[in-house]
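Here is a short report on helices, their buried faces and one pocket. Have the sequence and the model open as you read.

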Amino acid sequence: MKVIGMVPARLQSSRIPEKALIDIMGLPMVIHTCKRAQMAKRLDDIYLVTDSELIKEAGQTHDIKVIMTGTHHKTGSDRLAEACRKVDCDIIVNIQGDEPLVDPEHIDAIVSPLIKDSTIQISVGVTPYTKKNSSSDIKAVLDLEGNILYCSRTDLPSAARTPVHEMLKMCFIVPFRKEFLLKYSSWEPTPLETVEYNEYLRVLEHGVKIRSVMIENAVISVDMPEDLEIVRELMKYDTIRQKYQKKEEPAKFILQRQ
């Protein structure tokens, strides 16, 4: 069984201009994500997937394999569906480019259900979460078998009648079976997906189960400018970074943005 990690990245970003290439400790953000994904034991290879020549150049500068796609894709999963046609594999792991602190062990854990159980088509990480009213984070509730029952940018479950002290946030490391990813990408956007601006609701609306994997100590992604400052501070002391980035290594291909 061949498992391929793919990191979708685009240059446009509404909250942080050219976010994928922004500097974090001397490397573009998306390069941190790729370098860390390369350390996952369950992945046979890693590709940076983009429609941007600038991101392509950054990847090649740092010895990352790159697959170019069209510019028409509305979601990262749709972009990967085009890219996976060019690669011989059984499982595609979608690793979001704005996860520069992603833990390789989390990637291994989240892909494991698909490797062990041929009936599972897609899985995702979930992690304990307490922040309230954050529309940039997608919260999930689970069924009794650990599958995603629903996920939303609104807080779940509701605290209208019973206090909710801890929720579950989705961590966007998402393995798909290749055949299912191609099928999923052929479906039109679904009503709840469109309302929630959440591509994974397309899976649930078609009645396909998403298996969850509990992840402890998941670190934040870079969605807002304040997230970037937190990630930059955490990266200074990050032990995983020290394994792939040498202190003496000169900065290559970064965009200096605030």
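In this predicted model, E179 and S186 are exposed on the other side of α5 from its buried residues. Those buried residues are K178, F180, L181 and Y184, in a helix that runs over residues 178-186. They lie on the same side of α5, because they cover an arc of only 160 degrees around the axis. The packing partners of this buried set are α3 (76-84), β6 (91-95), β11 (173-177) and α7 (201-205).

Why do residues three or four places apart point the same way in an α-helix? An α-helix has 3.6 residues a turn, so such residues face one direction.

Helix α2 covers residues 53-61, and its buried residues are I55, A58 and G59. Their arc is only 100 degrees around the axis, which puts them on the same side of α2. The elements that cover them include β1 (3-9), α1, β4 (45-50) and β5 (65-68).

Helix α8 takes in residues 225-236, 12 residues in total. From first C-alpha to last, α8 reaches 18 Å, close to the 16 Å expected at 1.5 Å a residue. Its buried residues are D227, L228, V231, R232 and M235. They share one side of α8, because their arc around the axis is only 135 degrees. That buried set packs against β2 (23-24), α1 (29-37) and α9 (241-244).

The three helices can be set out by buried residues and arc.

| Helix | Buried residues | Arc |
|---|---|---|
| α2 (residues 53-61) | I55, A58, G59 | 100 degrees |
| α5 (residues 178-186) | K178, F180, L181, Y184 | 160 degrees |
| α8 (residues 225-236) | D227, L228, V231, R232, M235 | 135 degrees |

Now a single residue in α1. V30 sits in this helix. Is V30 buried or exposed? V30 counts as buried because its relative accessible area is 0%, and the cut-off for buried is under 20%. Which residues does V30 touch, leaving aside neighbours within four places in sequence? The contacts are V7, A9, A20, L21, L48 and G97. H73 is 43 residues from V30 along the chain, and their C-alpha atoms are separated by 19 Å.

Last, a pocket. The second largest pocket has a volume of about 150 Å³. Its lining is made up of Y129, K131, S134, S136, D137, K169, I220, S221, D223, D227 and I230. By type, the lining residues divide into 5 charged, 3 polar and 3 nonpolar. D227 is one of the lining residues and is also among the buried residues of α8.

Terms used: Residues numbered from 1 in each chain as written. Predicted model: local features only at pLDDT ≥ 70, side-chain atom pairs only at ≥ 80, totals over all residues. Heavy atoms only, no water. 1 Å grid on protein atoms, 1.4 Å probe; cavity = no way out; pocket = protein on both sides within 12 Å on 5 of 7 lines; lining within 4 Å. Points joined across faces, edges and corners; volume = space filled by probe spheres on them. Nonpolar A, V, L, I, M, F, W, Y, C, P; charged D, E, K, R; others polar. Helix = DSSP H or I, 4+ residues; strand = E, 2+ residues; numbered from the N terminus. Expected span 1.5 Å × (residues − 1). Buried < 20%, exposed > 50% of the residue type's maximum accessible area, 1.4 Å probe, protein only. Arc of directions from axis to C-beta. Contact = heavy atoms within 4.5 Å.
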